[in-house]
Amino acid sequence: MIIYQVYPRSFSDSNNDGIGDLAGIEQKLPYIKSLGVDAIWISPFFKSPMKDFGYDVSDYRAVDPIFGTMDDFRTLMKRAKALELGVIVDMVISHTSEEHSWFKQSRAKENGKSDWYLWADPKPDGSPPNNWVSVFGGPAWRWDAERRQYYFHSFFSSQPDLNMHHPDVQNAVLAEMDYWLDMGVSGFRFDACNHIFQDQALRNNPPREDTSAALHPYGFQLHVYDQARPEMLPFLERIRKLLDAYGAFSLAEVGGHDALKLMGQYTGKTRLHSAYSFALMQPDSSDAYVRKVITTLEESIRTPALPCYAMSNHDKPRVASRWQNGRDLDQTAKAMLALLFSMRGDICLYQGEELGLPQADVPFERIQDPFGISFWPKFKGRDGCRTPMPWTDAEHGGFSSAEPWLPVDPVHLGMNVERQEADPDSMLRFAREVIALRNAHPALRAGDIGLLDAPEGVLAFTRRHAGDAMVCLFNMDVVPKKVPSVDNAGIVFSRRAEVDGRSVSLDVSGFAILRA
């Protein structure tokens with residue numbers, strides 16, 4: 001499956017208030033369909049105080065007014081169905097907003113919800129119950145004067161973690177999913193899957209030996225007790241049973257320590273269908289690193305489950321910049337997109353990735369992300385990959401006639417959809433071509449993958465399905481490469497590559513997909 005990720009705040013603004021909305025997404029569905037994708041995943045649009053821009057849900061069954069109404073969502077669903085596009089909803093079930101009625105009742109010990117969240121008494125000296133820290137910095141425990149206890153929060157203190165060990169909490173969360181499945185959604189992307197359960201004994205996390213890469217205290221610990229707990233596995237089986245009743249799809253976001261192996265545990269015939277991690281959203285773009293990711297996922301995720309490959313999303317710097325390494329931006333973006341669509345499994349394409357957008361430069365005075373504000377300039381937050389989608393040459397890139405919630409990067413303005421539609425050599429035209437190639441060839445769409453030996457700097461693998469077989473070569477280095485002795489029957493698709501008999505020359509950012 002090819003999934004197009006829509007970040008609703010920044011996709012298309014239909015009512016010109018500076019924030020994207022569901023009606024804006026609905027208007028652009030023909031564009032998304034034209035790319036050749038199978039489904040859209042919409043980042044959270046539930047009712048929320050927006051302290052983490054929708055990933056702090058206060059009501060799972062309501063559309064936040066900034067995004068429109070439930071009628072807008074139903075219209076979007078109807079249009080998507082007519083276009084044969086699936087709609088995947090982003091479920092955030094590790095935590096809620098502190099404004100959710102469940103948390104308000106839990107804080108007040110009302111309606112049997114006293115222990116629906118992870119509450120704990122202080123130590124005798126009043127300090128937090130253990131050494132757990134937040135992903136976003138600082139202690140992961142917040143004192144609540146009303147209950148005279150601490151509550152746990154993996155992320156911001158306004159996002160209390162649910163106590164998923166409680167059977168009633170599990171049932172309530174499953175009921176929220178059932179609500180959307182009844183409405184006809186195609187499935188769910190599950191946010192932060194490794195954070196859904198914590199150790200019931202609240203044991204301290206051990207220290208990490210190497211903390212040189214740590215941005216803040218979170219990186220000083222091995223997170224063996226506050227995430228990736230084994231109790232997650234039977235709960236995933238409950239989710240899968242519900243999904244199967246509707247024929248719905250599931251995609252897990254898996255982070256944390258040893259995420260690639262954890263993806264294997266979370267997927268399978270009786271668990272989730274697919275999973276992705278941040279493995280290809282890291283700075284390392286070497287052939288050796290990508291080979292290691294592929295190898296680990298092939299060992300970890302077993303049929304009928306599939307890995308999902310993603311190189312960009314709403315949390316990480318865009319791949320066109322992150323893996324540019326001094327090379328030509330356009331050529332590098334094309335090579336990385338070709339690599340993405342050559343992988344075995346499901347694919348996530350983040351909005352604007354089909355345009356080759358680089359990471360936007362958002363000045364400090366326009367930063368919205370609290371994560372970025374806290375750690376600027378060492379870490380500039382997540383806003384650089386969340387800026388508005390550029391559609392035309394109009395003001396604000398045609399995203400809105402009002403000042404957008406984040407500024408449109410001037411570089412992005414020159415890379416807008418309208419311009420790229422008119423340019424036969426554009427990244428957008430290339431994206432449609434490479435997606436069509438994947439859809440047309442069983443080997444690329446559904447074949448197995450086998451890594452090949454190749455000169456240092458070259459990523460080489462085969463894709464095979466029945467009688468269809470391809471050899472895929474990618475120059476991941478910053479200098480030209482030559483690959484000798486390639487068993488091939490000619491180029492199917494390439495850029496900056498030449499074949500001379502059994503020898504393939506790859507220029508910088510060059511790649512070749514050949515018939516085996």
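## A guided tour of the predicted model

Start with the three strands that make an open sheet in the order E6-E8-E7, with antiparallel pairing; strands (E, at least two residues) and helices (H or I, at least four) are DSSP runs numbered from the N terminus, and two strands pair if DSSP finds at least two bridges between them. This is a predicted model, where local features need pLDDT of at least 70 and side-chain atom pairs count only at pLDDT 80 or more, while totals for chains, interfaces and linings use all residues. Residues are numbered from 1 along each chain as its sequence is written, and side-chain values use heavy atoms, with hydrogens and water left out.

**Stop 1: the antiparallel sheet.** Select E6 (119–120) and E7 (141–144), the edge strands, each of which pairs on one side only. Next add E8 (residues 149–152), which pairs with E6 over two bridges in the antiparallel sense. Zoom in on tryptophan 119 and you will find tyrosine 151 of E8 opposite.

**Stop 2: strand E10 and its neighbours.** Now select E10 (residues 249–253): five of its five residues are buried, that is, under 20% relative accessible area, where over 50% is exposed and in between is partly exposed (1.4 Å probe, protein chains only). Show the side chains: Phe249, Leu251 and Glu253 point one way, and Ser250 and Ala252 the other way.

Add E9 (residues 187–190), which runs parallel to E10 and is joined to E10 by four bridges. Phenylalanine 190 has alanine 252 of E10 as its bridge partner. To follow the chain from E9 to E10, trace it through helix H6 (residues 232–246); this β-α-β crossover is right-handed, meaning that with the strands pointing away from the viewer, the path from the first strand over the helix to the second runs clockwise.

Then bring in E11 (residues 274–276), also parallel to E10 and joined by three bridges. Here leucine 251 has serine 274 of E11 as its bridge partner. With helix H7 (residues 259–266) shown as well, E10, H7 and E11 make a right-handed β-α-β unit.

**Stop 3: the cavities.** How many cavities of 30 Å³ or more does a search of the whole structure find? There are four. On a 1 Å grid over the protein atoms alone, a cavity is a set of points where a 1.4 Å probe fits but cannot get out, and lining residues have an atom within 4 Å of a point. Grid points are joined across faces, edges and corners, and a volume is the space filled by probe spheres set on the points.

The largest cavity has a volume of about 60 Å³. Select its lining, including Arg318, Met336, Glu353 and Met427. Helix H10 (329–340) gives the most to this lining, with three residues.

For the second largest cavity, about 50 Å³, select lining residues such as Met263, Tyr276, Leu297 and Cys308. Strand E12 (306–310) gives the most here, with three residues.

**Stop 4: helix H14.** Select H14 (residues 427–440): its 14 residues reach 20 Å from first C-alpha to last, close to the 20 Å expected at 1.5 Å a residue, the expected span being 1.5 Å times one less than the number of residues. Among its buried residues are Met427, Phe430, Arg432 and Arg438. Met427 also lines the largest cavity.

**Stop 5: a loop residue.** Finish at aspartate 361, in the loop between strand E13 (346–350) and helix H11 (370–375). Is aspartate 361 buried or exposed? Aspartate 361 is exposed, because its relative accessible area is 57%. Draw a C-alpha to C-alpha distance to valine 408: 9.2 Å in space, with the two positions 47 residues apart in sequence numbering.

Methods: 1 Å grid on protein atoms, 1.4 Å probe; cavity = no way out; pocket = protein on both sides within 12 Å on 5 of 7 lines; lining within 4 Å.
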